Amino acid sequence: MTDATGAIVVGVDGSALALRAVRWAAAEAAPRALPLHLMFGFDATFAFHGADPTPLQRLFDRLGSYAQDQLSEAERIAHEVGPDLVVTTSQPQQRPIPALLEASKTARMIALGPSGVGGFAGMLAGSTTMAVAGRAHCPVVVVRGRADESVPAEGPVVVGVDGSRASEGAVAVAFDEAAWRGVPLVAVHSWSDADYVSTLPFEDVLMEYVPMEQESAQEEQRGLLSESLAGWQEKYPDVRVDRVVTKDRPRHHLLDWSGRAQLVIVGSRGRGGFLGLLLGSVGQALIHHAQCPVMIVHSESTEAKG
């Protein structure tokens, strides 16, 4: 049992984007009566190398003091959002990635800024964010959005559906999130007709067969979306579901929806991903470019936490 158990965990690193993630996480935790756990991880092993460790020990002490100051500020902000929130903090003596991955084994979810103080100028998403989003054991929310606008409270929850195992987990979480927020759920399934066109035998009859093949493909994709949503509407009867089937690259359509949504949810890796790939191209594109918070769901996270 740790302070991260059942909590929304936020990685704090002293950046403004991390504090935005704290505000978002606090606003999520408060109405659900969930605890909030704030973490600032850094590697302490450097302080114990060399013949004279005194200067490094002083640096370690200064970093520890800095981390505590940042955690105190983050806790203050969290209590501004939710005065009654149960907030805990920790300074694990690990690098941020392994510390957050360890916490993800028992956390409800992890919230991160898109990049932190270690990011290079022009970097769209930090290495910590990408690594944790790809490998965590629980859902990970990358708190994106325009700095001058808040996420529209009336906006829908949007979920990308492709029939994969990870997508099944994303659908389960998306219904729960839409129910908590009292907003519609938009289920988006984008597909390409490249596979159908590639089966046609002769170029000179291409135009004759393409309309028929496309119509057949469209019906098949509608069926796939219906199958992916089967049973969930009965479990969440109060959630209005808008189904969108479109012939387009999934990332394009989901990025467009991110301008209107309050949260976009996708599986960690879709059916088009290569074996062993930790985070699919759609998830990567959303983490880099979405206009609202993005949740990455791993199939095992829904199995383990229900």
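**A ten-stranded open sheet and its helices**

In this predicted model, strand 6 (residues 157–160) and strand 7 (residues 185–191) run parallel and are joined by four bridges. Within this pairing, Val157 has Leu185 of strand 7 as its bridge partner.

These two strands belong to a wider arrangement. The chain holds eleven helices and ten strands, and an open sheet of ten strands is formed in the order 3-2-1-4-5-10-9-6-7-8, with mixed pairing. Strand 3 (87–90) and strand 8 (241–247) each have a single partner strand and stand at the edges, so one side of each is left without a neighbour in the sheet. From one strand to the next, the twist averages 20 degrees.

It is pleasant to follow the sheet to strand 1 (residues 8–11), which has a partner on either hand. With strand 2 (residues 36–39), strand 1 pairs in the parallel sense over four bridges, and Val9 stands opposite His37 of strand 2. With strand 4, the pairing is again parallel and comprises three bridges; here Ile8 stands opposite Met109. Strand 1 is covered on both faces: Ile8 and Val10 are buried on one side, and Val9 and Gly11 are buried on the other. Thus Val9, the residue facing His37, and Ile8, the residue facing Met109, lie on opposite sides of the strand, both buried. The connection between the two N-terminal strands is made by helix 1 (residues 16–32), and strand 1, helix 1 and strand 2 together make a right-handed β-α-β unit.

Turning to the helices that meet the sheet, helix 5 (residues 165–181) lies across six strands, namely strand 4 (109–112), strand 6, strand 7, strand 8, strand 9 (263–267) and strand 10 (294–297). Its direction is at about 160 degrees to strand 9. Helix 10 (residues 281–289) also packs on the sheet, where it touches strand 5 (140–142), strand 9 and strand 10. The direction of helix 10 makes about 155 degrees with that of strand 9. Strand 9 and strand 10 are thus listed for helix 5 and for helix 10.

A few totals complete the picture. Of the 306 residues in the chain, 47% count as buried. Among contacts between residues at least 6 apart in sequence, 79% join residues at least 24 apart. The accessible surface of the chain comes to about 15200 Å², and 54% of this surface belongs to carbon and sulfur atoms.

Definitions and conventions: Residues numbered from 1 in each chain as written. Predicted model: local features only at pLDDT ≥ 70, side-chain atom pairs only at ≥ 80, totals over all residues. Heavy atoms only, no water. Pairing = 2+ DSSP bridges. Axes fitted to C-alpha atoms, helices over the stretch in contact; angles between N-to-C directions. Contact = heavy atoms within 4.5 Å. Buried < 20%, exposed > 50% of the residue type's maximum accessible area, 1.4 Å probe, protein only. Right-handed = clockwise from strand over helix to strand, strands pointing away. Areas by Shrake-Rupley, 256 points an atom, 1.4 Å probe, with all protein chains shown as cover.
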